[in-house]
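Here's a short set of exercises to work through with the model open in your viewer. Try each task before you read its solution.

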Amino acid sequence: MTERPLRIAVLGTADIARRRVLPAMAADPDIELTAVASRDGGRAREVAARFGCAPVESYDAVLERDDVDAVYVPLPVSLHAEWAGRALRAGKHVLAEKPLTADRPTTEALLGLARASGLVLMENVMFVHHPQHSVVRELVASGAIGELRAFSAAFAIPALPAGNIRHRPELGGGALLDVGYYPVRAALYFLGAGLQIVGAALEHSRGSAVETSGAVLVRSRSGVLGQLAFGMEHAYRSAYELWGSEGRIRVEPAFTPPADHKPAVWITDAHGPRELTLAPHDQVAATVRAFVRAVRSGAAQSPDAGECLEQASLLDAVRAGARATHAAHHDTARHDTARHETARDETARHEALRDETLQDEGTDRDRD
C-alpha cells in the first residue's frame, strides 16, 4: 500500500518560504501542503492560493488542525522556540529555519522536548545536503591535498534596507545568526566537533542596532586553524577553502547555489590546478526529502541534533569571544588615553617649571 503524503502546514510567509522551501514542498510527491498561516489575512490567502492549500490567520489554529502532521517554521529567530515548542506539544513534527534558536540552553531544551515527545525537530540547514561538500570531504580524507593545515570560509551579502528584520535585534537580527551561521557550520562540517573559538570580533556599522560583520578564528582538536568571515554590507561572496600540506581545494559559490548550478571544485596540487565539475543538485529539495525520511523513519528528533547543539554552542562562544575582544580593545583605549593624559600633564608641568625658572632668572638679572 502506498504511504500517504506527509501533511505539512507553514507558520509564516517569510521570503525564504515563498521563494525556496514552499516550491520544493509543493513539488515533492511525498508532501501535501495543507495550510499556510499568517497574521496578515491577505498575505495568507495570496500564498495559499499559489500553493493550493488553506489560508489561516492564526498560528494556533494551524496547530489544532487534524490534517497537519508537521509544520515548517520560517519565522524570525526570536519566535522559533515559542512556536516550535507549541507545535511539538501539539504533536506535530517541526522543520524550523536556522538557527533553531538564538542560544544553546534554549536549543537544548527544544531538542529535549522533541526527544521526549517522540517527534522530529530538524533545523533547516540546506547546504549540508548538497553532495558537493561530501565530495570535498572525501577528497581531503583521501589525501588529495596532503595533511589538512588550514580552513577558511566566507559568506557575505550586500546591504539590506534599513527596515529589514535582519537589522532588528528584538527579532534575532544581526550578521552572526544570519550569514555568520554558514562559515561556522562549514567549519564544524569539515573540522569536526570540539572546535575552540580562539578569537572573535563583531562589528557594528554606524547607527546599526545589530552587528553587521564579523570574523572568527577557530582551532580543531587536531590543531587545524580556521578563519571565518561574514557580513551583510559587502559585495556578495560564498566560499570556502581547505589548505593542505600538498595542495588546496576551493568551492565557490558554496552555501546557496541555485538548483541548476553546476558546482565546480577547484583543486590545486603537485600536478597543478584542475577543476572538478559536478552535476547540478537542488539542496532545498534534498533538505525537504531528508525531513520526510526522518519523520517516516520514526526518529525521535532531528537526525543531526548533535551538530545543531554543537553549532549553538559555537555561536554562543563567538559572542563571548567578541565581548572579550571588545572589552580588551576598550581597556587598551582607556590605558592609551590615560597614558596620553599623563604625558600631557607631565609636559605641562615641565613647561610650567621652565617658565617659572625663566621668570626667576629674569628677576635675578634685574637685581644685578
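**Exercise 1. Find which side chain makes a polar contact with the side chain of Tyr 240, and describe the surroundings of Tyr 240.**

Solution. Keep in mind that this is a predicted model.

Step 1: look for the polar partner. The side chain of Tyr 240 pairs with that of His 133, at 2.8 Å.

Step 2: place the residue. Tyr 240 sits in strand β11, which runs over residues 237-244.

Step 3: check the exposure. The cut-off for buried is under 20% relative accessible area. Tyr 240 comes out at 2%, so it counts as buried.

Step 4: list the neighbours, skipping anything up to four places away in sequence. His 133 turns up again, along with Val 136, Phe 151, Ser 152, Ala 153, Phe 190, Ile 249, Arg 250, Val 251, Ala 254 and Phe 255.

Step 5: pick out Ala 153. Tyr 240 and Ala 153 are 87 residues apart in sequence, yet their C-alpha atoms are 4.0 Å apart.

**Exercise 2. Now take Tyr 236: is it buried, partly exposed or exposed?**

Solution.

Step 1: find Tyr 236 in the loop between β10 (225-231) and β11.

Step 2: read off its relative accessible area, 43%. Buried stops at 20% and exposed starts over 50%, so Tyr 236 is partly exposed.

Step 3: look for contacts beyond four places in sequence. You should get Phe 155, Ala 156, Ile 157, Pro 158 and Thr 256.

Step 4: zoom in on Thr 256. Its side chain and that of Tyr 236 share a polar contact of 3.0 Å.

Step 5: try a C-alpha distance too. Ala 154 is 82 residues away from Tyr 236 in sequence and 9.7 Å away in space.

**Exercise 3. Which backbone oxygen does the side chain of Ser 208 reach?**

Solution.

Step 1: go to the loop between β8 (196-203) and β9 (213-219), where Ser 208 lies.

Step 2: follow the side chain. Ser 208 reaches the backbone oxygen of Val 210 at 2.7 Å.

Step 3: compare sequence with space. Ser 208 and Ala 162 are 46 residues apart along the chain, with C-alpha atoms 9.0 Å apart.

**Exercise 4. Test whether the length of α4 agrees with 1.5 Å a residue, then see which of its residues are buried.**

Solution.

Step 1: get the expected span. The rule is 1.5 Å times one less than the number of residues, so the 13 residues of α4 should span 18 Å.

Step 2: check the model. The end C-alpha atoms of α4 are 19 Å apart, which agrees.

Step 3: pick out the buried positions: Val 77, His 80, Trp 83, Ala 84, Gly 85, Ala 87 and Leu 88.

Step 4: recall the helix geometry. With 3.6 residues a turn, residues three or four places apart in an α-helix point the same way. Keep that in mind as you look down the axis.

Step 5: step just past the helix. Gly 91 has a positive phi of about 85°.

**Exercise 5. What lines the largest pocket, and which helix gives the most to its lining?**

Solution.

Step 1: start with the volume, about 1200 Å³. The lining has 46 residues, and the closest to the centre are Ala 14, Ile 16, Ile 165, Arg 166 and Asp 178.

Step 2: sort by helix. α1 (15-27), α4 (77-89) and α7 (175-191) each supply at least two lining residues, and α7 gives the most, with 5.

Step 3: sort by character. The pocket lining splits into 24 nonpolar, 11 polar and 11 charged residues.

**Exercise 6. Find the cis peptide bond from Lys 98, then look at the lining of the largest cavity.**

Solution.

Step 1: the bond from Lys 98 to Pro 99 is cis, with omega near -15°. Pro 99 is in the loop between β5 (93-97) and α5 (104-117).

Step 2: turn to the largest cavity, of about 30 Å³. Pro 99 is among its lining residues, together with Leu 100, Thr 101, Thr 107, Glu 123, Tyr 181, Cys 308, Gln 311, Ala 312 and Leu 315.

Step 3: trace the lining back to its elements. Helix α9 (residues 305-367) gives the largest share, 4 residues.

Step 4: sort the cavity lining by character: 6 nonpolar, 3 polar and 1 charged.

Methods. Residues are numbered from 1 along each chain as its sequence is written. This is a predicted model: local features need pLDDT of at least 70, side-chain atom pairs count only at pLDDT 80 or more; totals for chains, interfaces and linings use all residues. Side-chain values use heavy atoms; hydrogens and water are left out. Buried means under 20% relative accessible area, exposed over 50%, partly exposed in between (1.4 Å probe, protein chains only). Contact means heavy atoms within 4.5 Å. A polar contact is a pair of N or O atoms within 3.5 Å; within protein, one must be able to donate a hydrogen and the other to accept it, and residues adjacent in sequence count only if both atoms are side-chain atoms. On a 1 Å grid over the protein atoms alone, a cavity is a set of points where a 1.4 Å probe fits but cannot get out, and a pocket is an open set with protein on both sides within 12 Å along at least five of seven lines; lining residues have an atom within 4 Å of a point. Grid points are joined across faces, edges and corners, and a volume is the space filled by probe spheres set on the points. Ala, Val, Leu, Ile, Met, Phe, Trp, Tyr, Cys and Pro count as nonpolar, Asp, Glu, Lys and Arg as charged, and the others, Gly among them, as polar.
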